[in-house]
Amino acid sequence: MSPAVLEALLEGRRREAEEQLGLSLPDGWPDQRDEPFLRLRLEQMQRDPGTQPWLVRALVLRGERQMVGHAGFHGPPGAHGLRPGAVEVGYTVHAPFRGRGYATEATVALMEWAEARGIRHFVASVGPSNEPSLAIVGKLGFVQTGDQWDEEDGLELVFELIRSAGPGG
Ligand SMILES: CC(C)(COP(=O)(O)OP(=O)(O)OC[C@H]1O[C@@H](n2cnc3c(N)ncnc32)[C@H](O)[C@@H]1OP(=O)(O)O)[C@@H](O)C(=O)NCCC(=O)NCCS
C-alpha cells in the first residue's frame, strides 16, 4: 500500500483507495483498531519512502479482488531495535475470513519475499492468549526466545525463526 492509498483510507476516500488498489474494501474498514496502525505506517513511509515494500500489503482474494486483511513487516530489516538483517512479521485477517489459512499463506509468502532479499532472521510478537497467532508461529517453526511489554498490547511473547541459507546462498 502506497502513501497515497493510506492517505485516501485515513481521509475516508474509500472509492479512491479501492480504485488505486484495484480491490473491494471490507465494510467498516479501516476500523478504530487499524487507523492508528495505518497512520504509523504512513509516517514511516513519509520519513523514508524506501521502507514502503517492507510495510503494509493488502491481502486480496484471487478472482474476486476482495480485501480480506493485511500483512507486512513492522519496518525494514533491523528497524525498531531488531538485530541487523532481522524483520518482524505482522498480520490481520478480517473476522469473516478467518480460519481459512489466509494469515498463514500470507506470512509464508512474505517470508519468501524477504528471503529472496537475503533475510534469514524473522521475529513475531504475539499476545499470550492469541491462540490463532500462536498456532501460526508454531506451525511455521518459530521458537519463543523471550517476552516484552508493549505500550498498547501489553505482554507479548517474542518468537524467532532463523532460516538456514539455501543451496545458492
Ligand atoms: C491471527 C489472525 C491473523 C489469524 O488469521 P487466520 O487467517 O484465521 O489464520 P490461519 O487460518 O492462517 O491460521 C489460524 C490457525 O489458528 C488455529 N486456531 C484458530 N483458533 C484457535 C484457537 N482458539 N485455539 C488454537 N488454535 C486456533 C487454526 O486452527 C489455524 O491453525 P491450523 O491451520 O493449524 O488449523 C486473525 O485471527 C486476526 O486477524 N486476529 C486479529 C489481529 C491479530 O491478532 N494479529 C496477529 C497479531 S500477533
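Which side chains meet in a salt bridge at 3.8 Å, N to O?

1. **The opening pair.** The side chains of E105 and R62 do, with 3.8 Å from N to O. Their pair ties together distant parts of the chain. E105 sits in helix α4. R62 sits in the loop between β1 (56-60) and β2 (67-73). In sequence the two are 43 residues apart. Please keep in mind that this is a predicted model.

2. **How open that pair is.** R62 has 73% relative accessibility, so R62 counts as exposed. The cut-off for that word is over 50%. E105 has 44%, so E105 counts as partly exposed.

3. **A second link from α4.** The side chains of E115 and R163 also form a salt bridge, at 2.2 Å from N to O. This pair, too, connects distant parts of the chain. E115 belongs to helix α4, and R163 lies in the segment after β6 (154-162). Here 48 residues separate the partners. R163 counts as partly exposed because its relative accessibility is 29%.

4. **A small network.** E11, R13 and E16 are joined into one network by salt bridges that share partners. Within it, the side chains of E16 and R13 meet at 2.7 Å, N to O. E16 is at 33% relative accessibility, so E16 is partly exposed. R13 is at 30%, so R13 is partly exposed as well. Across the whole structure, the search finds six salt bridges.

5. **The hairpin.** Return to the strands on either side of R62's loop. β1 and β2 pair in the antiparallel sense, over five bridges. R57 stands opposite A71, which is in β2. Together β1 and β2 make a hairpin, with six residues between them. In the turn, G63 has a positive phi of about 85 degrees.

6. **Around the ligand.** How many residues surround the ligand? There are 18. The closest are G99, G101, T104, N130 and K139. By type, the shell splits into seven nonpolar, seven polar and four charged residues.

7. **Polar atoms at the ligand.** Look at three residues here. A polar side-chain atom of K139 is 2.7 Å from an oxygen atom of the ligand. Y91 brings a backbone N or O atom to 2.8 Å from a ligand nitrogen. R100 has a polar backbone atom 3.5 Å from a ligand oxygen. Alone, the ligand would expose 960 Å², and the protein buries 66% of that.

8. **Which elements build the shell.** β3 (86-93), α4 (102-115) and α5 (131-140) are the elements that each give two or more residues to the shell around the ligand. Which element gives the most? That is α5, with six residues. Helix α4 thus appears in two parts of this note: in the shell, and as the home of E105 and E115.

9. **A closer look at N130.** N130 is one of the closest residues to the ligand. Its place is the loop between β4 (121-126) and α5. Is N130 buried or exposed? Neither label fits: N130 has 36% relative accessibility, so N130 counts as partly exposed. N130 and G118 are twelve residues apart in sequence. In space, their C-alpha atoms are 30 Å apart.

Note on methods: Residues are numbered from 1 along each chain as its sequence is written. This is a predicted model: local features need pLDDT of at least 70, side-chain atom pairs count only at pLDDT 80 or more; totals for chains, interfaces and linings use all residues. Side-chain values use heavy atoms; hydrogens and water are left out. A residue is near a molecule or strand if one of its heavy atoms lies within 4 Å of it. A polar contact is a pair of N or O atoms within 3.5 Å; within protein, one must be able to donate a hydrogen and the other to accept it, and residues adjacent in sequence count only if both atoms are side-chain atoms. Accessible areas come from the Shrake-Rupley method with a 1.4 Å probe; for residues, only the protein chains shown count as cover. Helices (H or I, at least four residues) and strands (E, at least two) are DSSP runs, numbered from the N terminus. Ala, Val, Leu, Ile, Met, Phe, Trp, Tyr, Cys and Pro count as nonpolar, Asp, Glu, Lys and Arg as charged, and the others, Gly among them, as polar. A salt bridge is a side-chain nitrogen of Lys or Arg within 4 Å of a carboxyl oxygen of Asp or Glu. Buried means under 20% relative accessible area, exposed over 50%, partly exposed in between (1.4 Å probe, protein chains only). Two strands pair if DSSP finds at least two bridges between them.
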